[in-house]
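User: I would like to go through some of the labels used for charged side chains here. Please give the reasoning behind each one.

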Amino acid sequence: MYLGKADVNTYDKGAGREFLVSDGHGSYCFSTVIGANTRLAHGLLVKKLDPKGNHKVLVSKLEETLFIGSKKYQLSTNRYKDLIYPDGFRYLQEYQASPMPSMLFVIHSALFRKSIFMPQGMGCTIVKYELMASPERVRLEVRPLMSHRDVQSPQASRLDFSCSASGMEIIVNGGGITTKVGATDGEWIEKPLWFDRVVYEQEENCQGAVCEDLWSPGFLQLDMQEGDSVYLVLCSSDTGACKSKAEIGVLEKEAIQGAHRLVSSVPMEPKTSAIRDLVMASSHLVDEGNGGSPCIYSGYPSMRVLARETFISMPGLLVSTGRHQAAEGVLNRWLALAEDNDWVVPTEVDGDDVKFQGVDTGLWLAYSAQKLYEAVDNPDAKEDLWRKVLCVIDRYSRPIDVLQLSLTDGGMLFLDTDDPSRHWMNGVVDGETVVTRRGYLVEVNALWYNALRFAEQVCELTGDVSSRERYAGMADRCGKSFKDTFWNKEGGVSLRLGRSLMQA
């Protein structure tokens with residue numbers, strides 16, 4: 001995505017355009033193209049420090065100032081209650097999303113570019129500043145603003161921050177969290193400062209707009225001339241020391257090559273800018289997993305691992321984009337969980353904890369497996385995978401007590417509870433269920449019919465004739481009952497959505 005001057009020449013335009021970068025393992029950078037944070041979830045380094053805890057906003061943002069001659073130019077933008085200050089968006093000439101977010105600032109004859117990327121799996125954010133053109137030397141000051149809080153809530157009171165410098169790194173402690181900000185050039189000037197009442201205009205509570213105080217330990221200062229560049233590395237205490245400029249340059253090249261490789265591998269033609277943007281955006285939802293166990297996030301900033309969202313999105317995110325190995329990895333992860341739980345697929349995974357709520361999760365797994373089956377060149381080479389999927393499908397033939405689900409003589413699945421968490425129409429307002437559903441749910445039985453037909457297809461592949469005939473008979477019986485239950489013969493359309501259909 002490209003944005004020109006006219007797209008970002010006001011605060012409202014620039015603050016309404018957001019970018020997201022991730023490291024593929026759960027850490028991310030999320031803000032607006034003008035650098036003004038408008039949500040609690042915005043931050044240059046957002047990371048889960050404890051596998052069982054919430055994500056933390058470590059570094060909220062960076063305040064950049066250029067000194068050219070005797071004049072001072074502040075490139076950042078903040079929203080306070082009664083004003084916008086500074087208004088650095090006035091100098092933003094263009095924004096480019098690919099291969100990494102970059103912002104070009106133009107101040108008279110000086111061209112200054114800021115780029116942001118996250119190396120794969122390293123849990124750190126790297127910001128690069130380049131003086132592309134300038135008739136004279138300039139001085140750059142960069143001041144990090146620290147937050148050290150849960151991603152969903154501002155600090156109730158100011159933390160007791162402290163900092164210390166170690167070579168080219170400045171180390172910040174506060175709220176039991178340690179953050180490091182390193183640089184490849186320049187000098188750190190320790191000059192603590194609070195930024196009071198920064199407004200997150202997209203958030204509201206009973207008092208109105210949500211505000212937060214941000215703390216800065218000081219600033220990096222360096223002189224630059226045309227062609228010079230400097231990297232800032234934002235990381236937590238579990239990340240190694242700041243790397244050399246040459247090492248970071250290699251990481252930058254790998255990030256760019258990875259982005260190009262991802263787009264070029266997509267079997268879609270023509271690769272329009274819209275497709276490239278969608279592919280890049282979709283990549284942030286896939287966590288490759290340090291242990292080779294990938295997952296799909298439901299979205300940002302929640303980053304929940306939900307079965308229904310995973311299997312509905314997997315055909316588009318991974319199968320259609322040619323990432324078949326990752327798709328197989330996602331399936332194997334959930335199949336392993338199902339195998340440990342009598343082949344019942346969990347609804348949600350949170351660290352080591354699993355929840356069982358939705359009755360359709362195993363059926364959606366079968367649907368996504370079917371899409372992978374249809375896309376791979378040699379499905380017979382993955383026979384073990386399909387056999388495990390059959391175990392999930394077969395489990396629906398026996399009562400699943402934890403879900404209050406059973407298979408009736410008519411061949412359809414029957415839900416014996418009106419608990420809204422059992423299906424996707426699970427809205428609850430003021431403790432009252434929005435839509436009460438019980439009995440034969442139309443989408444659940446449509447998925448069940450599809451799963452049986454897929455099982456029949458797999459058995460034909462493996463040569464298991466008796467099982468193929470058994471699945472075919474079950475599908476025929478389900479299909480007949482489905483029509484008898486849901487088809488409105490007089491109106492010619494289905495008017496009943498399984499909200500309160502009871503077993504006859």
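Analyst: The model is predicted. In it, Glu64 and Lys114 are both buried.

User: What makes Glu64 and Lys114 a salt bridge?

Analyst: The closest N and O atoms of Glu64 and Lys114 are 2.8 Å apart. The cut-off is 4 Å between a Lys or Arg side-chain nitrogen and an Asp or Glu carboxyl oxygen, so the pair qualifies. Glu64 lies in strand β5 (residues 55–68) and Lys114 in strand β11 (residues 110–117), so this salt bridge links distant parts of the chain, 50 residues apart.

User: Why is Arg90 called partly exposed?

Analyst: Arg90 has a relative accessibility of 43%. Exposed requires over 50% and buried under 20%, so a value in between is called partly exposed. The side chain of Arg90 meets that of Asp87 in a salt bridge, at 2.9 Å from N to O. Asp87, at 28% relative accessibility, also counts as partly exposed.

User: How do you know that Asp419 and Arg422 form a salt bridge?

Analyst: Their closest N and O atoms are 3.9 Å apart, and the limit is within 4 Å, so the contact is counted.

User: Why is Arg422 called buried or exposed, and what about Asp419?

Analyst: Arg422 has a relative accessible area of 7%, which is under 20%, so Arg422 is buried. Asp419 is at 28% relative accessibility and therefore counts as partly exposed.

User: How many salt bridges does a search of the whole structure find?

Analyst: The search finds 27 salt bridges. A network of salt bridges links Arg113, Lys128, Glu130 and Glu252.

Methods: Residues are numbered from 1 along each chain as its sequence is written. This is a predicted model: local features need pLDDT of at least 70, side-chain atom pairs count only at pLDDT 80 or more; totals for chains, interfaces and linings use all residues. Side-chain values use heavy atoms; hydrogens and water are left out. Helices (H or I, at least four residues) and strands (E, at least two) are DSSP runs, numbered from the N terminus. Buried means under 20% relative accessible area, exposed over 50%, partly exposed in between (1.4 Å probe, protein chains only).
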